[in-house]
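Reader: Hi there! Could you walk me through this model, one question at a time?

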Amino acid sequence: MTARVETALDRKVDPAIAAFAARLGKEAQAIAVLFYGSNLRTGSLEGVLDFYVLTDGPPERGIWPRVSYREWEHEGETLRAKIATMTLAKFAYAARGASRDSTIWARFVQPSALVWCCEGGDERSGLPYRTAIVDVIEDAVRIASELAVALGPQSGRENDFWRALFRQTYKAELRFEKPGRENSILELNAAHFAGLLPAALESAGIPYSGTGDLLVPVMPAARRRQVFRSWRRSRRWGKPLNIARLLRATRTFDGAGRYAAWKVERHTGVKVEVTPWREKHPVLAAPGVLWKVWRAKRRAD
């Protein structure tokens, strides 16, 4: 599985994305920057680019990650990015399932690319930073695969297990996804998921058998109970943690005013001026912005 993860993380991206990642990493004095989301698959520079910026230091307490929004004028084009920032230590802790939060391993079992990484090594693990991040992503894949087996059928095609996993993680989070979202993830990333579950089960020490494209995992009863207990805890905390993050973001989302203005213009065609007051108080400014949008749409109609 290590070879699969390394190949996935080495995926080539548009030079503009790599340059943006390097800029973010250096400004934050970070260890590494991961790129993920639909733009990774399509290669498009339109919309919002999604980055995870990993920093050094002890694991955070409280609600994480910190979220911000940035715009960068690059070669005549405006690049927009949503950035999640957290320490490598907390990222590793969450990826191996030690946290109540399921968002890290559920996100990073899906494709991501390590688009920027500084030299040096992680003092806690003694590994080069790149190797440490590969290990973290492997942990995320193993945890996700164990839960996919526990939640999935007794036997089935590989995607049947991943589908069961994503359905449950979406239910646990405060997300407004259309029904069947799990199918689109699997269809759009078919090459990534093909053969991933058997590789992850071997890495996790879970035997399996099968004929043709059918897979029959053999998870010991004690281990299955342990996985279920961990999942019940994550499911119970999923929505409360999402709400806490949203509340925190209303006060700490750096660039929230510009991000909201861009989203409004993108979806309604109404340009919203980002005044200093709106930038500082995006929540308080929201009613006035909505009133302006409503009036503009009414005039247009």
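Reader: In which loop is alanine 98 found?

Author: Happy to start there, with a word on the basis: this is a predicted model, where local features need pLDDT of at least 70, side-chain atom pairs count only at pLDDT 80 or more, and totals for chains, interfaces and linings use all residues. Residues are numbered from 1 along each chain as its sequence is written, and side-chain values use heavy atoms, leaving out hydrogens and water. Helices (DSSP runs of H or I, at least four residues) and strands (E, at least two) are numbered from the N terminus. Alanine 98 is in the loop between α4 (88–95) and α5 (103–108).

Reader: Is alanine 98 buried, exposed or partly exposed?

Author: Buried means under 20% relative accessible area and exposed over 50%, with partly exposed in between (1.4 Å probe, protein chains only). Alanine 98 has 28%, so the word for alanine 98 is partly exposed.

Reader: Which residues does alanine 98 contact, beyond four places in sequence?

Author: Contact here means heavy atoms within 4.5 Å. Leaving aside neighbours within four places, the partners of alanine 98 are Tyr93 and Arg233.

Reader: What distance separates the end C-alpha atoms of helix α2?

Author: The expected span is 1.5 Å times one less than the number of residues. Helix α2 (residues 15–27) has 13 residues, so 18 Å is expected, and this agrees with the end C-alpha distance of 18 Å.

Reader: Which residues of α2 are buried?

Author: Strands including β1 (32–36) and β2 (48–55) help cover the buried residues of α2. Those buried residues are Ala16, Ile17, Phe20, Ala21, Ala22, Leu24 and Gly25.
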